[in-house]
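The following exercises are meant to be worked with the sequence and the coordinates side by side. Try each task before reading the solution beneath it.

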Amino acid sequence: MQEEQNNDQNEPETNLNSNVRITRVSGMYEDYFLDYASYVILERAVPSLFDGVKPVQRRLLHSMKEMDDGRYHKVANIIGHTMKYHPHGDASIGDALVQLGQKDLLIDCQGNWGNIFTGDSSAAPRYIEARLTKFALEVVYNAKITEWQASYDSRGKEPVFFPVKFPLLLAQGVEGIAVGLSTKILPHNFNELIDASIQILKGKKPIILPDFPTGGIADFSNYNDGLRGGKVRVRARIEMLDKKTLIIKEIPFGTTTTSLIESVIKANDKGKIKIKKIEDNTAEFVEILVHLAPNISPDKTIDALYAFTDCEVSISPLSCVIETDRPVFLGVSDLLKRSTEHTLELTRRELQVKLDEFQNDWHYASLERIFIENRIYRDIEEAETWEEVVKNIHEGLKPHIGHLIRPVTDEDVVRLTEIRIKRISKFDSDKANDNILALEGKIAEYKGYLENLVDYTIQYFKSLKEKYGKDRGRKTESRLFDDIVAQKVAIANEKLYVNRVEGFIGTGLKKDEFVCDCSDIDDIIVFRSDGVMLVTKVDQKTYVGKDIIYVDVFKKGDKRKIYHYFYTDAKSGATFMKRFYVDGVTRDKEYDLTQGNKGSKVIYFSANPNGEAETITVHHRAVKKIKKLRFDLDLSELAIKGRNVKGNLVSKQPIRKIERKEKGSSTLAPRRIWLDEAVMRLNGEGRGRLIGRFSGDERIIEITNKGTYRLLPYDFSTHFDEDWIIIEKFDPQRPVSTVYWEPEKERFYVKRFLPEITDKKEVFIAENEKSYPEIVSYHPHPSVEILFKKVAGKEIEPETVDLVEFISVKGLKAMGNQLTKHPVKAMKLIEPELLEPEEVAVDDELEVDENPVEEQNVPVAPSKPKTDPPSNGGAQQISLFDDLDD
């Protein structure tokens with residue numbers, strides 16, 4: 001009964017005394033909201049599949065075409081004219097026009113139209129001007145094949161869709177938010193879209209990727225063809241100006257220099273990065289200078305900018321368009337295919353319209369010639385009525401119209417009667433025949449176009465590229481990104497403290513023992529004297545258990561930091577030792593590194609950042625049975641195993657203390673470093689090209705095509721120049737060989753030099769803008785094959801020059817020796833294959849035995865624990881004994 005009452009409330013009521021229908025508010029809301037949502041989706045926010053523009057943009061372009069006279073028009077006038085078709089106010093029209101103008105494709109702008117880099121708005125509409133570009137006039141408009149509809153007030157007509165013969169939607173991109181629906185189609189490169197359309201016409205399946213007007217670097221590996229669920233990572237282009245300054249030359253799409261600078265300042269205030277100041281010198285091009293604080297790594301700061309600021313943004317595309325009054329979700333490949341097929345159909349219709357026009361012109365020209373040459377106009381002299389005139393002309397034409405392509409209509413006859421006497425009297429039969437022959441040539445030409453429609457459309461696209469694509473190269477570089485671990489690049493903006501006895505760690509324990517600097521997103525590793533290890537996130541104050549013997553920042557994946565661990569088992573009384581690294585852990589989970597017997601104690605512990613192994617002295621308690629109260633152990637002889645192993649037996653006898661006798665060196669092999677050229681990053685996982693084995697202060701040499709070199713650390717955060725040509729392990733005894741162009745002498749010169757060990761970028765060619773390195777080699781014995789140009793019409797035999805014999809090693813600033821006096825046509829570098837030295841089979845990935853090791857008998861006695869504070873830097877040793885004399 002209640003449901004019936006509710007339904008009755010929603011039904012419209014009719015007043016019996018009048019024709020007025022009453023609708024309740026609840027029913028109005030239900031119907032009107034759906035109508036409103038549909039209207040916003042179809043008429044405001046989402047573009048059409050066919051012409052790629054929203055209704056407001058379509059009305060703007062229609063108004064500009066109506067106003068077009070080749071000259072600029074005030075934007076205020078364009079807005080006013082557009083309001084005849086778009087009933088939503090001048091603000092929305094003006095904003096839409098500015099956005100179209102900033103895309104630099106359809107609108108030719110004059111005046112201050114704002115800046116897409118800085119986010120500055122345009123000047124008022126009365127101060128700026130616009131007109132249609134030649135591209136828009138050629139591609140967008142054709143009234144003869146345009147479908148028209150009445151404007152909102154029925155005073156004029158506007159196009160339903162423009163006959164756009166180009167993937168305009170993909171070229172400009174679009175973003176719109178409707179009711180319960182949104183769309184975000186990213187812009188693509190003009191020339192690449194044309195090339196892809198040609199490939200589609202040839203039956204291929206091209207892959208297209210976005211290209212942003214702000215440039216930058218983008219990772220499109222998860223683009224997902226622009227559909228929901230896809231993601232594009234975009235980064236600013238950041239270069240190292242010097243060791244204290246970074247320069248941002250391009251910004252991510254969707255950001256401005258203002259928003260990016262604000263994000264950098266915010267990250268600096270939070271302590272994520274450390275900078276001294278930031279300057280915005282953006283004008284025609286982006287230029288943001290980031291001045292670093294003292295003793296801050298520029299490579300690490302670049303990664304931190306990507307991790308904590310808008311220098312890297314993630315864009316989620318959502319390709320939604322309107323097709324036959326319904327929103328549809330199509331990938332950009334489907335959009336391009338539909339657009340190309342639509343262009344093909346529009347081209348066919350255009351050609352057919354032109355063919356019909358030529359055929360009609362031929363038909364009437366032929367009728368006119370027949371009418372005049374056969375003096376059929378005399379047959380109407382005696383006719384008394386209009387019907388008789390028409391009939392006589394039809395009768396007079398009948399014997400001569402057999403070759404016409406269509407029947408003669410009354411409209412044709414009427415047109416013949418409108419020929420003036422002066423035209424008849426001056427009729428030139430030869431000119432008429434020439435005109436008909438020209439029309440027949442045009443008809444044959446356009447029939448050929450229609451028969452070869454695909455080839456004609458391909459030529460059409462090529463002509464567009466030739467006319468309008470010269471300055472439309474790709475701006476956004478496509479590159480795979482490596483994942484930046486925020487914890488590795490975060491600046492140490494906090495100080496870590498520990499209360500070992502009470503078991504607390506944190507950044508707020510300022511009265512307790514200082515441990516180290518850390519960031520507010522670091523993880524902390526803790527070892528306790530009861531044999532428990534755990535990893536927890538840094539906080540103001542965290543309880544981790546009493547009797548802490550070691551605490552430090554935990555670096556996940558660091559397999560070179562080796563822990564030495566001696567513990568006494570509570571059940572057997574024996575003492576065990578093991579060496580291990582800590583890799584994967586679960587945060588806040590307690591790991592018992594002993595045999596799990598309650599009461600077991602850690603009696604010696606050390607942490608070694610690079611796998612150092614010390615020599616220790618073990619002291620037994622004085623027991624009658626023990627003959628040897630002291631002995632030494634070289635821990636380098638102890639294999640590195642898993643942290644869960646039982647360990648090697650040190651002694652079954654009680655131990656009084658363990659102390660370090662000698663500091664050891666690293667037991668790990670030199671680290672093998674690879675260069676992944678896809679992301680231009682160093683790694684130790686075997687991705688890319690092996691650079692070499694590194695240890696200590698060894699470096700990498702980077703040589704660029706600008707004639708510069710740098711010596712860089714083998715740190716995984718190292719950034720390389722985009723114009724690098726050589727990246728190798730640096731050998732101080734190996735010279736660099738180069739052939740470079742000397743502009744003042746107008747000759748090629750050869751030099752060989754040993755790179756100076758410096759932290760600066762050094763120039764090794766002539767310091768002249770026109771100087772460039774033709775060939776650079778870091779090979780020990782390179783040669784150059786030279787091809788010469790003809791001299792006075794005579795060939796010169798090619799020559800091979802051994803650079804080692806040609807010139808000795810000289811200084812960095814030396815000019816070198818002239819290579820040849822003859823004009824050079826081309827050069828080719830010849831580098832003999834080097835024999836690879838046999839390497840000892842040592843794997844950087846530590847092989848870990850997770851099984852308990854058999855016991856080793858060594859004579860020895862435990863005592864009361866004692867904690868020594870960790871030393872600053874290097875390996876840390878902790879002995880948990882008091883000196884007890886029994």
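## Exercise 1: Two valines in their surroundings

Val-791 is placed in the loop between β45 (783–788) and β46 (799–802). The model is a predicted one.

**Task.** Determine whether Val-791 is buried or exposed, or in between, and find which residues it touches beyond its neighbours up to four places away in sequence.

**Solution.** Begin with the accessible area: Val-791 has a relative accessibility of 38%, and because buried means under 20% and exposed over 50%, Val-791 counts as partly exposed. Next, set aside the residues up to four places away in sequence, and the contacts of Val-791 are with Ile-796 and Pro-823. Finally, take a distance to another part of the chain: Phe-730 is 61 residues away in sequence from Val-791, and the C-alpha atoms of the two are separated by 42 Å.

**Task.** Carry out the same steps for Val-489, which lies in helix α17 (residues 486–489).

**Solution.** The relative accessibility of Val-489 is 4%, and Val-489 therefore counts as buried. Leaving aside the neighbours within four places in sequence, the residues in contact with Val-489 are Lys-272, Lys-300, Asp-303, Ala-304, Ala-307, Phe-308 and Ile-484. One of these, Lys-300, is 189 residues apart from Val-489 along the chain, and yet their C-alpha atoms are separated by 5.7 Å.

## Exercise 2: Helix α11 and its partners

**Task.** Describe how helix α11 (residues 332–373) is oriented with respect to helix α8 (residues 190–201), and name the residues that make the contact.

**Solution.** Two packed helices are described by the angle between their axes and the distance between the axes. The axes of α8 and α11 come within 10 Å, and they cross at roughly 75°. Because angles of 65 to 115 degrees count as roughly perpendicular, α8 is roughly perpendicular to α11. On the α8 side, the contact is made by Leu-193, Ala-196, Ser-197, Ile-200 and Leu-201, while α11 contributes Leu-336, Lys-337, Thr-340 and Leu-344. Sorted by class, the residues of this contact are six nonpolar, two polar and one charged.

**Task.** Repeat the analysis for α11 and helix α15 (residues 429–451), adding the handedness of the crossing.

**Solution.** Here the axes are 9 Å apart and the packing angle is about 155°. Since angles over 145 degrees count as roughly antiparallel, α11 is roughly antiparallel to α15. The crossing of α11 and α15 is left-handed, and their contact comprises 12 nonpolar, six polar and eight charged residues.

## Exercise 3: The pairings of strand β42

**Task.** Trace the strands joined to β42 (residues 747–753), giving the sense of each pairing and a residue pair that illustrates it.

**Solution.** Strands of a sheet pair through backbone hydrogen bonds, either parallel or antiparallel. Start with strand β41 (residues 736–742), which runs antiparallel to β42 and is joined to it by seven bridges; in this pairing Val-739 has Val-750 of β42 as its bridge partner. The two strands form a hairpin with four residues between them, and in the turn Glu-746 has a positive phi of about 55°. Turn next to strand β48 (residues 817–818), joined to β42 by two bridges in the antiparallel sense, where Asn-817 stands opposite Val-750. Strand β47 (residues 809–810) is also joined to β42 by two bridges, but these strands run parallel, and Val-809 of β47 stands opposite Arg-752. As a last step, examine the accessibility of β42, which is mostly covered, with six of its seven residues buried.

## Exercise 4: Positive phi in two loops

**Task.** Locate Asp-325 and Asp-547, and compare their backbone phi values and exposure.

**Solution.** Asp-325 is found in the loop between β17 (320–323) and β18 (326–329), whereas Asp-547 is found in the loop between β25 (542–543) and β26 (548–554). Phi is near 60° in Asp-325, a positive value in a residue other than glycine, and phi of Asp-547 is likewise near 60°. As for exposure, Asp-325 is exposed at a relative accessible area of 61%, while Asp-547, at 40% relative accessibility, counts as partly exposed.

Note on methods
Residues numbered from 1 in each chain as written. Predicted model: local features only at pLDDT ≥ 70, side-chain atom pairs only at ≥ 80, totals over all residues. Heavy atoms only, no water. Axes fitted to C-alpha atoms, helices over the stretch in contact; angles between N-to-C directions. Parallel < 35°, antiparallel > 145°, perpendicular 65-115°, else oblique. Contact = heavy atoms within 4.5 Å. Nonpolar A, V, L, I, M, F, W, Y, C, P; charged D, E, K, R; others polar. Buried < 20%, exposed > 50% of the residue type's maximum accessible area, 1.4 Å probe, protein only. Left-handed = near helix turned anticlockwise from the far one by under 90°. Pairing = 2+ DSSP bridges.
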